[in-house]
Amino acid sequence: MELYEVLSPSGREAAMVEFIKEKAERAGFSCRADAFGNLICEKGGTGKKLTIECGMDTVCIMKTAETKDGMLKIGVPDSKMAGNLAGSKVQFQNKTVGVIRCGKTEKIEDFDLSVDIGETDREAAAKKVPTGEFGTVVCDKTETGRFIFGNGVSTYAPIETVLRVMEKCENKNVSFVFTAQKKFAGRGIKALLGGYDTDYFVSVNSAVEDENVKCGGGAVVIIKDKSTVLSVSARKCLIESGKKVQLAATEENLYAELPQICGNGAMSGCVCLPVRDKDKPYEGCMKDDIESAAELLLNFCGRYDKIN
């Protein structure tokens with residue numbers, strides 16, 4: 001899909017919004033964006049409302065300076081992610097492409113990140129990319145065997161999953177929300193739910209492949225995330241909606257509990273795709289798991305309003 005070629009750095013998701021909006025309108029949805037950049041796609045049904053949500057932003061970088069040997073110094077919003085960016089291909093908004101290099105620092109927990117854009121002196125680098133210019137990691141998707149590999153696949157694969165559901169969903173009471181700046185501590189989804197009303201809420205995300213969650217094992221239904229145990233009745237309905245389901249608890253904050261905290265107490269659940277080497281260069285996601293998650297969610301769209 002051309003989806004994987006759309007650049008969508010946190011806070012600057014306009015290209016992804018336009019891409020998704022075109023797909024949604026073709027499927028009969030009315031689309032609107034809120035002040036924070038979240039895209040809301042609805043058909044205007046009058047029954048119990050289900051919202052399916054996923055984030056649409058990728059890792060954001062910003063040029064802060066140049067080095068004497070032509071490298072671009074960069075900053076990233078999440079220091080925890082910095083150590084995994086070395087070797088990643090990136091593109092700035094002015095189309096300049098480079099590769100992230102990681103130098104040594106006095107503190108082992110710190111990372112000295114720069115982008116190699118093929119220049120050899122400070123002046124040439126300064127002309128090519130202005131200070132303050134934003135960019136993002138390029139997915140550079142590769143398909144081989146049953147896998148999709150690429151930088152940021154853990155963001156793109158959930159979007160692909162939700163778009164598949166949107167194209168086939170005939171229930172007018174199901175809305176789809178693509179949240180902005182989710183990688184900035186969930187700012188977009190937190191801003192959305194301050195004034196958004198829904199009866200059921202399912203967040204679509206990704207999960208780290210480990211001894212409990214396996215690629216090829218099907219969709220992952222989250223029992224609890226870092227913050228809270230998710231709705232038992234919604235979780236039961238999600239599990240029963242899939243043919244191939246894995247259950248998992250995670251120490252990540254997936255923000256799936258927010259409808260209970262910020263909203264009107266909506267029942268919430270979370271469906272994830274297992275991802276190999278999540279948050280590292282060239283993550284891997286299986287096509288079978290994308291199909292499994294899409295099928296589960298589509299079935300859930302037809303039965304959620306029967307939850308007691």
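The chain exposes about 13600 Å² of surface, and carbon and sulfur atoms supply 48% of that area. These values, like those that follow, are computed from a predicted model. Charged side chains are also part of the description: 42 are positive and 45 are negative. The centres of these two sets lie 2 Å apart.

The interior may be considered next. Of the 308 residues of the chain, 51% count as buried. The overall dimensions can be set beside this figure. Along the principal axes, the C-alpha atoms fill a box of roughly 65 × 40 × 35 Å. The radius of gyration is 20 Å, which agrees with a compact globule, because a globule of 308 residues would have a value near 19 Å.

The secondary structure comprises 8 helices and 17 strands. As for how distant parts of the sequence meet, consider the contacts in the chain with a separation of 6 or more: residues 24 or more positions apart account for 74% of them.

One part of the strand architecture can be followed in detail, beginning with strand S6, which spans residues 89–92. S6 pairs with strand S7, residues 97–103, in the antiparallel sense over 3 bridges. Within this pairing, Gln91 has Val97 in S7 as its bridge partner. The two strands form a hairpin, with 4 residues between them. In the turn of this hairpin, Lys95 has a positive phi of about 80°.

S6 also pairs with a strand from further along the sequence. Strand S9, residues 134–137, runs antiparallel to S6, and 3 bridges join the two. Here Val90 stands opposite Val137 in S9. S6 is thus paired both with S7 and with S9.

The helical part of the model can be approached through a single residue. Leu297 lies in helix H8, which covers residues 287–301. Is this residue buried or exposed? Leu297 counts as buried because its relative accessibility is 0%, and the cut-off for that class is under 20%.

The surroundings of Leu297 can be named individually. Apart from neighbours within four places in sequence, Leu297 is in contact with Thr161, Val165, Val202, Val204 and Val271. Cys215 offers a further point of reference: Leu297 and Cys215 are 82 residues apart in sequence. In space, their C-alpha atoms are 18 Å apart.

Key: Residues numbered from 1 in each chain as written. Predicted model: local features only at pLDDT ≥ 70, side-chain atom pairs only at ≥ 80, totals over all residues. Heavy atoms only, no water. Rg over C-alpha atoms; globule rule 2.2 N^0.38 Å. Buried < 20%, exposed > 50% of the residue type's maximum accessible area, 1.4 Å probe, protein only. Contact = heavy atoms within 4.5 Å. Areas by Shrake-Rupley, 256 points an atom, 1.4 Å probe, with all protein chains shown as cover. Lys, Arg positive; Asp, Glu negative; His and termini not counted. Charge placed at Lys NZ, Arg CZ, Asp CG, Glu CD. Pairing = 2+ DSSP bridges.
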